[in-house]
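Student: I have a model open and I'd like to learn how to read it. Could you walk me through it?

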Amino acid sequence: MVTDGSSTLGHVIESLGIPLTEAARVPVDGRQVAVSHIPRAGERAEGEPPGGGPELCEAAGGYWWRRGLRSRPDELAAAAGAQALLFALIGAYGGDVLMPRPCPVWWTPQVRLLGRPAYHVPTPAECGGVPDPFALLETVRRVRAEGGVPRLLLLSVVDDPTATVAPPETVREACEAAVGEGLHIISDETWRDTLHRPHETVLLSPAEMCPEDVTVISDLAGALTPASWPVAVARFPPTEQGIVRRARTLDILTALGAVVAAPIAAAAAHALGEPGPVTARAVQAAALHARVAAAAHRAVLVSGALARPPQAGRHLYVDLGPLRSRLAERGVNDSMELEEYLTDRLGTPVPGGHRFGDELGALRVRLATGPLLGATPEQRLESLTSPTPLELPHVAEALRTLGTAFDELR
């Protein structure tokens, strides 16, 4: 499902097979959205328990079972959003935290809110999301030499900033290095269902290789639900330690009040069951973002900038280092200034690499494909359903604007 504003909640709910009535539709920002009739859940007086109710956890278990990760409901937990869930997990596992550079924009703040240091580890040349194994070992030893206690490694096989999928061998080497040093791994697999070429891309979860040392999390807004419906799920290792850590996580979620609202839980459980309409829309959205990302990638390379070919998700991570001299002529010398320059030039937020853990002096930004699909719900829906989305006037114009902004820097 297109969640970057490219579909209305009404379309989402209809795709879940939930009937809508005219009384349930009200205008919001010029759109018609559904605000009631989420299968009887709105009539329930009680809320979901911390960690999610039986229906939601059973659905999450089925979701992972179909992906080769056998899961029982008592090994799972749900929370009102990925940020709260990751915060609880980090709090439950303790110790210093390592993560790749770049990493999702919200990872580092979660660690620092807990008063922990966040150590960023370089990624290999072929992908983001997973640390280079040798750099990981070097960082662990340096942290210990400085008196730190590294305990956790965050990684994402399907990466948010770079839109890459880590090769299985890279994942295996990084996981073996982490486990060998006594680190527990939290694998963020939010974007695993947004592969641009699902039949050509091999995706291997760390939990398949190191089942006793990996906790998996997924924000359902990655592919299955709208971003305005906060719900994320976690799968703990099937071990005694996993049971203890799950209990600690639930304690923290309870203290935070980060429980999933009953109506959202019902819709999320339905989506996790992957009925035909939900699956079809997710596949359709992934294909759309793949085509637009490929076009944006070509425009970036033509200008002389660098970017790994996008393989999943809805972003493109661009390195404008080769264009440094032309940017300097425009007063752009670091990623903060680059963020301001491109945001103003493109008319849409273009976050700089410093927000993803990169060095300030590195001229990198993350481009989103969502804004290229149209400025209105109608345009975005047209992009989703068109057999030739790149030929639509609003998409073609957005890509022209992007190409021109980069072309000016050649």
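Here is a conversation about how to read the main features of this model.

Student: What should I know before I start?

Tutor: This is a predicted model, in which local features need pLDDT of at least 70 and side-chain atom pairs count only at pLDDT 80 or more, while totals for chains, interfaces and linings use all residues. Residues are numbered from 1 along each chain as its sequence is written, and side-chain values use heavy atoms, with hydrogens and water left out.

Student: How many helices and strands does the chain have?

Tutor: Helices (H or I, at least four residues) and strands (E, at least two) are DSSP runs, numbered from the N terminus. Here the chain has 14 helices and twelve strands. Buried means under 20% relative accessible area, exposed over 50%, and partly exposed in between, with a 1.4 Å probe and protein chains only. Of the 410 residues, 58% count as buried. As for contact, that means heavy atoms within 4.5 Å. Among contacts between residues at least 6 apart in sequence, 69% join residues at least 24 apart.

Student: How do I read a nonpolar core, and which residues have the most contacts inside the largest one?

Tutor: In soluble globular proteins, nonpolar side chains tend to be buried together. A nonpolar core is a set of buried Ala, Val, Leu, Ile, Met, Phe, Trp, Tyr and Cys residues joined through side-chain atoms within 4.5 Å. The largest one has 54 residues, and Leu-56, Trp-64, Leu-136, Leu-153 and Leu-272 have the most contacts inside it. Elements that each supply at least two of its residues include helix 2 (54-65), strand 3 (76-79), helix 5 (133-145) and strand 6 (150-155). Helix 9 gives the largest share, seven residues. There is also a second, separate core of 33 residues, with Leu-346, Val-365, Val-395 and Ala-405 among them.

Student: Which residues does Leu-153 contact?

Tutor: Leaving aside neighbours within four places in sequence, its partners include Leu-98, Met-99, Pro-131, Leu-136, Ala-178 and Ile-186.

Student: And Ala-78: buried or exposed?

Tutor: Ala-78 sits in strand 3, and it counts as buried because its relative accessibility is 1%. Not counting residues up to four places away in sequence, Ala-78 touches Gly-51, Gly-52, Leu-56, Ala-232, Val-233, Leu-253 and Val-260. Take the pair Ala-78 and Val-260: 182 residues apart in sequence, yet 7.1 Å apart in space, C-alpha to C-alpha.

Student: Why does the length of helix 3 agree with what its residue count predicts?

Tutor: The expected span of a helix is 1.5 Å times one less than its number of residues. Helix 3 (residues 82-93) has twelve residues, so it should span 16 Å, and its end C-alpha atoms are indeed 16 Å apart. Ten of the twelve are buried, including Leu-85, Phe-87, Ile-90 and Tyr-93. Gly-94 follows the helix, with a positive phi near 70°.

Student: Where should I look for unusual backbone?

Tutor: Most residues other than glycine have a negative phi, and most peptide bonds are trans. In this model, a cis peptide bond joins Arg-101 and Pro-102, with omega about 0°. Pro-102 lies in the loop between strand 4 (96-101) and helix 4 (107-113). Ala-163 has a positive phi, near 60°, and lies in the loop between strand 6 and helix 6. Glu-274, in the loop between helix 9 and helix 10, has a positive phi near 55°. Ala-163 counts as buried because its relative accessibility is 1%, whereas Glu-274 counts as partly exposed because its value is 21%.

Student: What about empty space: which residues line the largest cavity?

Tutor: On a 1 Å grid over the protein atoms alone, a cavity is a set of points where a 1.4 Å probe fits but cannot get out, and a pocket is an open set with protein on both sides within 12 Å along at least five of seven lines; lining residues have an atom within 4 Å of a point. Grid points are joined across faces, edges and corners, and a volume is the space filled by probe spheres set on the points. The largest cavity has a volume of about 40 Å³. Tyr-63, Thr-190, Asp-193, Ser-218, Asp-219, Leu-220, Ala-223 and Leu-224 line it.

Student: And what is the volume of the second largest pocket?

Tutor: About 530 Å³. Of its 25 lining residues, Asp-193, Thr-194, Leu-195, Pro-198 and Ala-286 are the closest to its centre.
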